[in-house]
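Have a look at the fold below before reading on. We'll start with the strands, go into the core, and finish with a few residues that deserve a second glance.

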Amino acid sequence: MGRLYEKTKKVFALQTSTQIYDNNQLILSKCRRIYEYNDIYLKADAGSVIVEIWGSDLSIDDFANEGIAVYGKIDSVSFTENNKREDK
C-alpha cells in the first residue's frame, strides 16, 4: 500500500478526544489499552498519544469499548507522543 493509502488513513482515522470536567472527571475516547492503573496514577494508550493522569481516589469506568471515564481528584494530565503505535 502506498503513500496515498497512508495519507487517507491519517485523514479518516478516528482520533482520540479528551474532555476534562473541573478536576474530578476526565473522558478519554478511543482508549486502546490501559498500561498501569491504581488509585493515584493511570497510564493509557490513546492511539497517537500516551495519556498519564495523576491524582487521588482515581477510579475508571468504561463505556462500551468506546473509551474510559476517569473519576477522582485529578491533579495533572500529560500527553506523550506514542512512537510504538500498532497501526503505523
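Two strands are said to pair if DSSP finds at least two bridges between them. Helices (H or I, at least four residues) and strands (E, at least two) are themselves DSSP runs, numbered from the N terminus. With that in hand, β2 and β6 pair in the antiparallel sense, with 5 bridges. Within that pairing, L28 has I68 of β6 as its bridge partner. β6 also pairs with β5, again antiparallel, over 12 bridges. There, I60 is matched with V70 of β6.

A word on what you're looking at: this is a predicted model, in which local features need pLDDT of at least 70 and side-chain atom pairs count only at pLDDT 80 or more, while totals for chains, interfaces and linings use all residues. Residues are numbered from 1 along each chain as its sequence is written, and side-chain values use heavy atoms, with hydrogens and water left out.

Stepping back, the protein has 1 helix and 6 strands, and along the sequence they run α-β-β-β-β-β-β. Of its 88 residues, 28% count as buried; buried means under 20% relative accessible area, exposed over 50%, and partly exposed in between (1.4 Å probe, protein chains only). As for how the chain folds back on itself, take the contacts (heavy atoms within 4.5 Å) with a separation of 6 or more: residues 24 or more positions apart account for 40% of them.

Now for the inside. In soluble globular proteins, nonpolar side chains tend to be buried together. A nonpolar core here is a set of buried Ala, Val, Leu, Ile, Met, Phe, Trp, Tyr and Cys residues joined through side-chain atoms within 4.5 Å. The largest one has 13 residues, and L26, L28, V51, I53, I68 and V70 touch the most other members. At least two residues of this core come from each of β2 (25-29), β4 (41-45), β5 (49-62) and β6 (67-81). β5 gives the largest share, 4 residues. Pick out L26 to see the surroundings of one core member: not counting residues up to four places away in sequence, L26 touches T18, Q19, I20, I53, I68, A69, V70, I74 and V77.

What about charge? Side chains of opposite charge can pair when their charged atoms come close. A salt bridge is a side-chain nitrogen of Lys or Arg within 4 Å of a carboxyl oxygen of Asp or Glu. The whole structure yields 1 salt bridge. D75 makes a salt bridge with K73, with the closest N and O atoms 2.5 Å apart. D75 is partly exposed, at 48% relative accessible area, and K73 is partly exposed too, at 44%.

E52, in strand β5, is an odder case. E52 is buried yet has no salt bridge, and the nearest side chain of opposite charge, K43, is 4.8 Å away. (For charge, Lys and Arg count as positive and Asp and Glu as negative; His and the chain ends are not counted.) What E52 does have is a polar contact of 2.3 Å between its side chain and that of Y41. A polar contact is a pair of N or O atoms within 3.5 Å; within protein, one must be able to donate a hydrogen and the other to accept it, and residues adjacent in sequence count only if both atoms are side-chain atoms. Beyond four places in sequence, E52 is in contact with Y41, L42, K43, S76, V77, S78 and T80.

Over in strand β2 sits S29, which is buried at 15% relative accessible area. The S29 side chain reaches the backbone nitrogen of S17 at 2.8 Å. Leaving aside neighbours within four places, S29 is in contact with Q15, T16, S17, E66 and G67.

Finally, the backbone has a couple of quirks. Most residues other than glycine have a negative phi, and most peptide bonds are trans. D22, in the loop between β1 (18-21) and β2, has a positive phi of about 50 degrees without being a glycine. D22 counts as exposed, at 71% relative accessibility. K30, in the loop between β2 and β3 (33-37), also has a positive phi, near 60 degrees, and K30 counts as partly exposed, at 29%.
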